[in-house]
Amino acid sequence: MQHETHQLPVTAVAFSGQDDILLTGEGNYLCAYDSGDKKLLAKQLTFRAQAIHGIILCEDSPSTGVIWGGFLTRRFHLDRSGSGFSITLGEVFSTDDWILDAALDPGSSVLALLTAHNALWISIPHTDDDNGLHDRLVPGSNCILYSAHIRWLSDSSCLIASGTAFGDIIVWSTAPTQSSGKWSAQSQIHYTFPAHAGSIFGVQISPWVHFPSSKNKKIVLASCSDDRNIKLWDISDLSAASPGLAQVVHETGFSTTPGGSGNASPPLLARTMGHISRIWHVRFGINGTATTLNSLLSFGEDASSITWSLTAASKPTTLPYVLNEDHVVAAHAGKNIWAVDITADGAVATGGADGAMALSPSPEPIRESEIPRALLGPGGDSFKAYGFVGRNALLATTEQGRVALLDLSSAESTASTIIAEPLPELRGYSVVECTAGLAFIAGTNGNLYSYVHGCRQLYKVTELTGKAAGLFAAHRASGGFALLVTSVVQHSALLLLLPDISAANEERLPSTQLALALPAGFTVTSFATVTVKGVSYSILGARNGYIALFSFDGNQSDTVRLVLIRESVHGKEAVTALHCVPTDFEDEHTYTVSTGRDGTLAIHRLSIACDSVELYLVHQLTLPFGPNIEAIYLTPSGGLWVWGFKSKHFTVYDVVAQREIMSVDCGGAHRNCAFQPSEGGGTFIWTKASKVYRMTQTALPYELLNSGGHGREIKSVAVTTLDRGRQIVATGAEDTNIKLWETVVESGFKCLHTLRKHNTGIQHLQWSTDGTYLVSSGGFEEFYVWKISSGLPYIDLGVICESKHPRSGSSDLRIMGFDLPESLAGSFEISMAYSDSTLKCWRYMDKSWQLLASADYLTACLMDVKSAHGDGTAVLTTATDGNIVRWVSSDGQQDRQLQWISRHKIHQNAIHAVTSINLTDGSRLLMTGGDDNAIAFSRISEEVKTLLIPRAHAAAVTGLAIVPIDEAKFWLVSTGIDQRVKLWEVKVNIAKAGVEGIEVKMLQDVFTAVADVSGLEVCKLEGGALGVLVCGVGMYLWGVPEERGIGAIRGQFDVDLYRPLLDLEAPEVKNNAAW
């Protein structure tokens, strides 16, 4: 097997400082990316079975560096010649303890390593003139460290900060020296003090720097902990002397007062509290050659990074400096930012547990600014309503009835032009609807005005009957505009069809007026138009979640009719935005995109044929923010943006890229606001406490080299092939999300959608045989049926939750596994295995559920269920007691009787993995993997015979998959908690009874960097070859060699990195046919 692609937690990152190269540690692979074009340049396997935990580069030679992980370390060299790029590795060295930090001296020859028991190692490479060195110079102490940082103060002296598990920090220094060819080191403790009320997860020592409003330089220590505190300490005074490291003894447990035999605490300069969980890292924001410390960055378990500004305290306090939160970047999903690096110019790279690599520019916070009321004219006027008529042009009405145009092109100031002096009908009440180059304004007396930005003029459009409640504008495919006007008292809406008035020169604008009779209780909240086969349609969204469709022919009022009304499009919540996909004249269908205050984005197919109009839901998923989703925007590059509110923040989100574009703390929803999107973000205007503010973002807050995946470990995986051979991978994780992926070997995994419905971790996923349905189960008896369709605009793949099990969320039972036998499209007979030892059979048809049969096993938790005959009348289950159990049910369609008839002890305890293959003689070969580290082959016919392979893995076997070869032979791929993937050759002679004809031979054993492996699936690679997808904490795709290549496996892999088991002693094979 060979590595194809992966998505693993990024546990180390480093900027090379040369050609915009970013180095990352992904499992045991060292990867080099071009941070400019986001392409992978090279990847190199480093350690045999150890992930990379840190990367450093030489200051004077950025193409040379060191990696470490666990006990191991090795040097590397980057070579870029022409269009090629390669990574050369040096010799592997090992310490006797976990390495927490490493640092190269200014000459880049001496490598200092600090281990988890505060021991210092020195590593010097072997050269022609020097035999090199790799040895411990300073012995460890009895403290247990969770973090450490080494900073070389000179060529011969380094300062070290060690953070302990019990909240103490030890600051000490050492001076490695060489005399007569031998190395030694003298060390001295300067401070040993209780710093936090929790474990110290991050420490960082600054160089000599100036503090704000301070003339003297300081060495500063920053620390962070699981008490969510960040502290800055002045450790400039290194004259203090304390006992040696080996003599420092501290009692275990957290303390708030100095103790032990160490020195008193250094002066505390500043402290703050941040993040919503533990803080893993802290870094100083020192740009380039600057010597003043002005900012600090922290990175947490909540997968966010916070930039803090450091200022001198403005009034007497207990501390001389203050840390203020500037801004937050949330580029990662789920939990944990594991790796951080910062360039000299302040750019930040982060790697997360979700496998994403994010690049943030120099952290320069975007500040909000108030738009002064004085711009609106004399008399203390104030803003009433406003909207954008151009990229930097905001049209506003005032309380006194003025119409003003604000120029926002300058970031420092705002200019204004009064378009109209106070109009009586706009005093105290006005409604404004804006689109590109055009705005419509209505007041209290029925006058409707249009502002044309091209000529900076206000025109009267028409006179309405009564006070306007809402204005909704849309471009028409035939040209011009459609304006829908709703009234405060009337139960109808007025549709105005206007010509292209971008350069109007008439005092009164011509229009065609059509009356739309609204259904009872229909309050319009959104509007769109579309033309299909020459017939015009207006689509209206309502506050109660309804959508109404009106048709009209040309400009004739008598042709207007209500052709369709659909309820619960967004539940009972308002339909906030509508967009119709433009069509060609021949098309008989189109699509509508809508958002609602239920927090979802929906797409419907509008089909029109022979006077029949139907609206079919083809996509609806919950977005990661909301529930107040307010608008839809199609970007020039084909992206689909939505925006709205989440808690106190206004948020812009890219649906296609599945990433946040912009976030502004505005106080939350239910306020006047306007947003003008642009490349990199846009301009947001909002009202807060009777004041109007603006904020403009011109660049994305971060770029992603890899979009990442789940924020927690994957618990289930399933693969299907759609029409035209398109392969989709579904994964479900402990983060309660389901993700749909496409696998592209060259660029990795591409996430198409994230399905947010479950409230518990996913237990099992399975596709229907035709790939049109995905079924998922979890805790609390959650069970959902998802309908999949393809070929949709903007998003391509459509997903809806077609149904949920009627008992979903009704108890604390887990549906551990289920089986979908082949059946008619949209109809299934589903066998479900429950955690309380219950097996139930359900029929699902036309969104309805019927319980067919139910029975209890014993007291063991059922782990999985497989149909024996494909029709659900006979099934096999596995359980935590190590048994496979055979069940049969009666053939009746109603009141079926279900019972287990036999059980067969296969494993010592829980069975975690099961797969099977049908043999040509009608029997079935069932393969199982258990908690006892064994793999069992059970041949099932009238009786069950088992061949057991004990010690197949060094830990529980959690994944099995079959690669078919021919009728008499197949390959079995297994994996387990020991992070090994093994390839077995299985030959079956069906002429022999029971398991006598089964021969099993191990072909290969490789390490996988995926921890907590929980799933294994066979999938197709590009070109038709087969691969094996391993899932757990990340994903790893192996290519399976063709059968003729098995004999050459040894030559394909580095023996030092992989140990093919062709040479190893064959494991004992036990015939376990007796029960």
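Here are a few notes on this predicted model, covering the annotated repeats, one buried acid and the internal cavities.

1. On the repeats: an unreviewed UniProt entry carries the annotation "repeat: WD" for residues 221–243, 707–742 and 755–791. For two of these spans I can add some geometry. Residues 707–742 come out as 58% strand and 0% helix, and the C-alpha atoms at the ends of the span sit 13 Å apart. Residues 755–791 are 62% strand and, again, 0% helix, with 18 Å between the end C-alpha atoms.

2. Have a look at Asp864, which belongs to strand β73 (residues 862–867). This side chain is buried, but Asp864 has no salt bridge. What is the nearest side chain of opposite charge? That would be Lys866, 4.2 Å away, and the cut-off for a salt bridge is 4 Å, so the pair does not count as one.

3. Who else is around Asp864? Leaving out residues up to four places away in sequence, Asp864 touches Gly817, Phe818, Ala833, Leu876, Thr877, Thr878 and Val914.

4. Now the holes. The model has five cavities of 30 Å³ or more, and the largest has a volume of about 120 Å³. That largest cavity is lined by 13 residues, and the closest to its centre are Leu621, Leu623, Val655, His753 and Arg756.

5. Which strand gives the most to the lining of the largest cavity? It's β64, with four residues. Both β64 (748–756) and β52 (612–622) supply at least two residues of that lining.

Definitions and conventions:
Residues numbered from 1 in each chain as written. Predicted model: local features only at pLDDT ≥ 70, side-chain atom pairs only at ≥ 80, totals over all residues. Heavy atoms only, no water. UniProt positions renumbered as here; feature names shortened; annotations may be inferred. Buried < 20%, exposed > 50% of the residue type's maximum accessible area, 1.4 Å probe, protein only. Lys, Arg positive; Asp, Glu negative; His and termini not counted. Contact = heavy atoms within 4.5 Å. 1 Å grid on protein atoms, 1.4 Å probe; cavity = no way out; pocket = protein on both sides within 12 Å on 5 of 7 lines; lining within 4 Å. Points joined across faces, edges and corners; volume = space filled by probe spheres on them.
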